[in-house]
Amino acid sequence: MYRLRTTVARLGPIAHAGQNISQPRPLRVRAAPRTFEPTRRPITSVSAEPFLNATSSNYLEEMYYAWLENPKNVHKSWDVFFRNANAGVPPGLAYQSPLHLNGMSQGAESAPSLLGAEANTKKLVADHLAVHSLIRAYQVRGHHIAKLDPLGISCVDFDDAPCAVGFQNVGFYGLADSDLDKVFRLPTTTFIGGGESALPLREIIRRLELAYCQHIGVEFMFINDVEQCQWIRQKFETPDIMQFNVAEKRTLLGRMIRSTRFEEFLQRKWSSEKRFGLEGCESLIPALKTIIDISSQSGVESVIMGMPHRGRLNVLANVIRKELEQIFCQFDSKLEAADEGSGDVKYHLGMYHKRMNRVSDKYITLSLVANPSHLEAVDSVVQGKTKAEQFYCGDTEGKRVMSILLHGDAAFAGQGIVYETFHLSDLPSYTTHGTIHVVVNNQIGFTTDPRMARSSPYPTDVARVVNAPIFHVNADDPEAVMYVCKVAAEWRNTFHKDVVVDLVCYRRNGHNEIDEPMFTQPLMYKRIKKQKGVLQNFAEKLIGQGVVSAQEYEEIVSNYDKICEDAYARSKDEKILHIKHWLDSPWPDFFTLDGQPKNMSCPLTGITEEELQHIGNIAASVPVKDFTIHGGLSRVLKGRANMVDQRLCDWALGEYMAFGSLLKEGTHVRLSGQDVERGTFSHRHHVLHDQNVDKRICIPMNYISPNQAPYTVCNSSLSEYGVLGFELGFAMASPNALVLWEAQFGDFHNTAQCIIDQFISSGQAKWVRQNGIVLLLPHGMEGMGPEHSSARPERFLQMCNDDRDVFPKLTDDFAIRQLYDCNWIVVNCSNPANYFHVLRRQILLPFRKPLIVFTPKSLLRHPEAKSSFDDMLPGTSFRRLIPDDGPASTNPKNVKRIIFCTGKVYYDLTRERTNRGMDSDVAVVRIEQLSPFPFDLVKKETDLFPNADLMWCQEEHKNQGFYDYVKPRIRTTINRSRPVWYAGRESAAAPATGNKKTHLMELQRLLDTAFNL
Ligand SMILES: Cc1ncc(C[n+]2csc(CCOP(=O)(O)OP(=O)(O)O)c2C)c(N)n1
Ligand SMILES: [Mg+2]
């Protein structure tokens, strides 16, 4: 094998050299005479071996393999050539004309007959090469002419790339009609021979047409891996490979009946209700079921699915097997909502169901992730959830848990998140070991034609970036669909890589059932109206084949109709809608049986001195032997060791303490985002790199305790939308993990806005699903210009669900109740201890809420922004508000002003206050938890300083930052008895100036305002 590789490799450059100088082969008219050199030209290094061009290299490889097996397998001329090449004869000299072989006389008198022999050999080689090219053309471009479109109107534009296949095009390859009955040896890169190694050209073409140009179009030749290509060829080229027995056909028919009759039932009962029906793509249901059957047979126990609106109810009913009455009752407008939150419409809700798979006889769990209207947004969420399930069950190769993503044609091509998700597919910390993508390609997006909706020929071209094979299939041929899905599932379970099934279909109705498609696609819809239903066609076919009788068929149909009718009758009894029944990720052990928190208290979050010391020591050391770290890093670790000696923490060490202690307590911690391993600001260094050994790394956090939970820290791809969605999905799988996503700078979160708006802030209200994801958003005005300053706190605060005008009832458990009621928690910690506590609280709470943390930049190294171990010991906890603890607090009646602030500006304010000698006049109070707003603690402060005026100070511009959120809440707290003044930057369009001097001037101005009493 090694010898083969090296020889072929050695031949490679010659081949290319040959290609460079050889003339392009002229495009021939049919059966044009072939031009061969009648005599050998003088040998030059490359022109002597013109057969070694790129097209023929596969043929050459063939010959070479055959020669390796036995030199007699090939013509003598090849034998000599390979012997010479193997012996290292330089390019151009390895080839010897057959004329000169076998000790033949080179006398002038024998020349004419020998010349004829040479010409024959060359023609033989050239014809084989031509046949090989033809086979290859089918493999590469057969899908161009496959009959994929049930309507026959497809306008897939291949930019006029020629697809010269078929009997009529043999001349293109230099073959003639007279060659059609000649027998050609088949290359090993095809399986059309079945058991035969040679076939007449006519049969070769016939078999290739069957394999590549019927109802299945296979796109795969861009895959670099030979084994994978061969695998696919074998699946589609092997003669008669697409065979189904009677039982399989009957199962398929049964599934088609369910799929079709379900939509018809809904149409009959609720003709004017939106349901985004599947009509025109009914074979989606058997497609998914086939994928699930095959996957279950190969050991998959859990399938996580994400899908858009189209056919969703049908998938719930017939794939996941949600009780029909639960679906039907959703159409009842009088149904009362039983759960908290606003709920969502029926075609967005999720589902989780464990059932027996009849084909494999094994249990399988199916879940459909709830999703917003935003098409494709759920893609990376599904991937994250899948990854988490794989992680928690130790499925490192994706053999037990897998994902299926469904797409619409317009959305798959149009939405960038699709591309971002594909790019996660092969990254070690993000791979789910292969996703099966199914595209409902109804050749329309709402009212827009594909030619206006994408620039690529197929909607699926985006998948080519990861070399995923793409199987296009005419969805009006259920057997072809079933076969393709079987192959897709086998592919995924063999290679653990993504694969795409493109169901080319049509949409029988408008975008929804009340839309009129004739306004915009009149001709298409005239055609659709004439289109016979796929079930009808298929049933007729099977009845014709005697697989099922007409009577039997009618019976199966009426049986299913009755099932629907009975469920409909039962659905009338449902009076209350439980969104909880539509939960995609239940956490049964975390909640009580009713889905409530097990208690309403949160333990204190401090840890012992020993733990602090131990984790600190780990953070300051390299826990493996013979590991050379960078000199600069040695200084960082030394600095940490010094801090531990002094019982101090900076921000990075505080984070270390939080993660380390949670890990020690058995909580998995996963930190993901761009450059998080080192930290954008070079402060974290959670992954150490050996300076002498390539790729040798050490993660000290995994050396805290023998029984600790694993720590995952992973630099992500440069994507926010994709990666945040992924982490949200990861956090969905289990409540017992601290899952954090860090933005490189806070403002970059806006490219993930869809995940924040549609899932994080409103997910629980819509889908009664809790999620404890943590967003770390570096924020702060450091004079670094508009792009890196603001994590846009105003946006997060504006989406908080607490009422600014209502002063809440202060009960003993007010703080935790408030957390329970909120849609998310927004904090801006001013010191490492508080950051430590809020991270730990996130896990120790008896419920889960998303946590938004504005994190610092310059404070990472600010000498004052350090915390003592004392603030992290048992008995300590997160401080929602940090009161002034200086001179002002000792004589509160004399205090003239309370400045409320949050985050880094606190340090500017206290420095300025001291500089001005106003420590007794002004109290500076930090609000660390902005939302839910600490009404109780703010009231304490305003009560404490009765004679002080109130001010909110922020470094952000007035129309940004925290002001608009905080001010009305402070006013509500004091019953609007005092004004709340503002010190901060003026309103502006950009978040910050790009000019350092202006920045400092603005800062001074706001400090002047703050202390202008
Ligand atoms: C991100 C996003 N943009 C716009 C829409 C509005 N919209 C809903 S369906 C639809 C067309 C979708 O077409 P396609 O993906 O082909 O799915 P089909 O409805 O044809 O099954 C559009 C534009 C949306 N839901 N999400
Ligand atoms: Mg569409």
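Two worked exercises on strand pairing and helix packing follow.

The model is predicted, so local features need pLDDT of at least 70 and side-chain atom pairs count only at pLDDT 80 or more, while totals for chains, interfaces and linings use all residues. Residues are numbered from 1 along each chain as its sequence is written, and side-chain values use heavy atoms, with hydrogens and water left out.

**Exercise 1.** Describe the surroundings of strand β27 (residues 949-957).

*Solution.* Begin with burial: 8 of the 9 residues of β27 are buried, so the strand is largely enclosed by the rest of the structure (buried means under 20% relative accessible area with a 1.4 Å probe, protein chains only; strands are DSSP runs of E of at least two residues). Next, take the pairing, which requires at least two DSSP bridges between two strands: strand β24 (residues 897-901) runs parallel to β27 and is joined to it by 4 bridges, with L950 as the bridge partner of I898. Strand β28 (residues 980-985) is likewise parallel to β27, through 5 bridges, and A983 in β28 stands opposite C953.

**Exercise 2.** Determine how helix α7 (residues 246-269) packs against helix α17 (residues 534-545).

*Solution.* First, the axes, lines fitted to C-alpha atoms over the stretch in contact, come within 10 Å and cross at roughly 155°. That angle makes α7 roughly antiparallel to α17, a term for angles over 145 degrees on a scale from 0 to 180 between N-to-C directions. Finally, the contact (heavy atoms within 4.5 Å) involves residues including L252, M256 and T260 of α7 and L535, F538 and L542 of α17.

Note on methods: Chains lettered and ligands numbered in written order. Buried < 20%, exposed > 50% of the residue type's maximum accessible area, 1.4 Å probe, protein only. Parallel < 35°, antiparallel > 145°, perpendicular 65-115°, else oblique.
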